[in-house]
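Let's work through a few exercises together, with the structure open beside you. Try each task first, then follow the solution step by step.

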Amino acid sequence: MQVDPEVAASVERFVDLVVTEARLAQAAEETDALVDGIANPKRMGAFLKWLADDVHKETQAELQASGLTSKQVNKALSQRARTWLLGRR
């Protein structure tokens, strides 16, 4: 399946807007995904779920304005968050 480049660019912009350092840090704190500043891979699932739930709860207006669906942005959200967490080893 081909991904429309315009949609892909919109997804990337949306993720840039909503996956902030502060939101990632809050997700890590809420889920104990960092222990003494070091990633706890066992908490990855809880971390990703918390972040996705928070983004979808807090950014409905932005998501609608962008013309995107939750399904379209979930993978990019998870990839960005996973990369961030695993960068703290």
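**Exercise 1. Find which residues of α1 lie on its exposed side, then work out its length and its buried face.**

Step 1. Pro5, Glu6 and Arg13 are exposed, where exposed means over 50% relative accessible area, buried under 20%, and partly exposed in between (1.4 Å probe, protein chains only). Helices (H or I, at least four residues) and strands (E, at least two) are DSSP runs, numbered from the N terminus.

Before going on, a word on the model. It is predicted, so local features need pLDDT of at least 70 and side-chain atom pairs count only at pLDDT 80 or more, while totals for chains, interfaces and linings use all residues. Residues are numbered from 1 along each chain as its sequence is written, and side-chain values use heavy atoms, with hydrogens and water left out.

Step 2. Now check the length. Helix α1 has 14 residues (5-18), and at 1.5 Å a residue it should span 20 Å; the C-alpha atoms at its ends are 20 Å apart, which agrees. The expected span is 1.5 Å times one less than the number of residues.

Step 3. Opposite the exposed residues, the buried residues of α1 are Ser10, Val11, Phe14, Val15 and Val18. Viewed down the axis, these buried residues fall within an arc of 135°, so they line one face of α1. The arc is that of the directions from the helix axis to the C-beta atoms. The background is that an α-helix has 3.6 residues a turn, so residues three or four places apart point the same way.

Step 4. Finally, look for the cover. The buried residues of α1 are covered by elements including α2 (21-31), α3 (44-58), α4 (60-66) and α5 (70-86), with contact meaning heavy atoms within 4.5 Å.

**Exercise 2. Sort the residues of α2 into a buried side and an exposed side.**

Step 1. Buried in α2 are Arg23, Leu24, Ala27, Ala28 and Thr31. These residues cover an arc of only 135° around the axis, which puts them on the same side of α2.

Step 2. Turned away from that buried side, α2 carries the exposed residues Ala22 and Glu29.

Step 3. Packed against the buried residues of α2 are α1, β1 (34-35), α3 and α5.

Step 4. Take Arg23 as a case from this helix. Arg23 has a relative accessible area of 16% and is therefore buried. Not counting residues up to four places away in sequence, Arg23 touches Val18, Trp50, Leu51, Asp54, Val55, Glu58 and Thr59.

**Exercise 3. Describe how α2 and α3 pack.**

Step 1. The two helices pack at an angle of about 130°, and their axes are 9 Å apart. Axes are lines fitted to C-alpha atoms, for helices over the stretch in contact, and angles run from 0 to 180 degrees between N-to-C directions.

Step 2. α2 and α3 are therefore oblique to each other: angles under 35 degrees count as roughly parallel, over 145 as roughly antiparallel, 65 to 115 as roughly perpendicular and the rest as oblique.

Step 3. On the α2 side, the contact is made by Arg23, Leu24, Gln26, Ala27, Ala28, Glu30 and Thr31. From α3 come Ala46, Phe47, Trp50, Leu51, Asp54, Val55 and Glu58.

**Exercise 4. Is Thr59 buried or exposed, and what does it touch?**

Step 1. Find Thr59 in the loop between α3 and α4.

Step 2. Its relative accessibility is 4%, so Thr59 counts as buried.

Step 3. Leaving aside neighbours within four places in sequence, Thr59 is in contact with Phe14, Val18 and Arg23.

**Exercise 5. Compare the settings of His56 and Lys49, each in helix α3.**

Step 1. His56 is buried, with a relative accessible area of 16%, whereas Lys49 counts as exposed at 54%.

Step 2. Not counting residues up to four places away in sequence, His56 touches Leu63, Ser70, Val73, Asn74 and Leu77.

**Exercise 6. What is the phi of Asp32, and what is that of Asp36?**

Step 1. Most residues other than glycine have a negative phi.

Step 2. Asp32, in the loop between α2 and β1, has a positive phi near 55°. Asp32 counts as exposed at 52% relative accessibility.

Step 3. Asp36 lies in the loop between β1 and β2 (38-39) and has a positive phi of about 55°, although it is not a glycine. Asp36 is exposed, with a relative accessible area of 78%.
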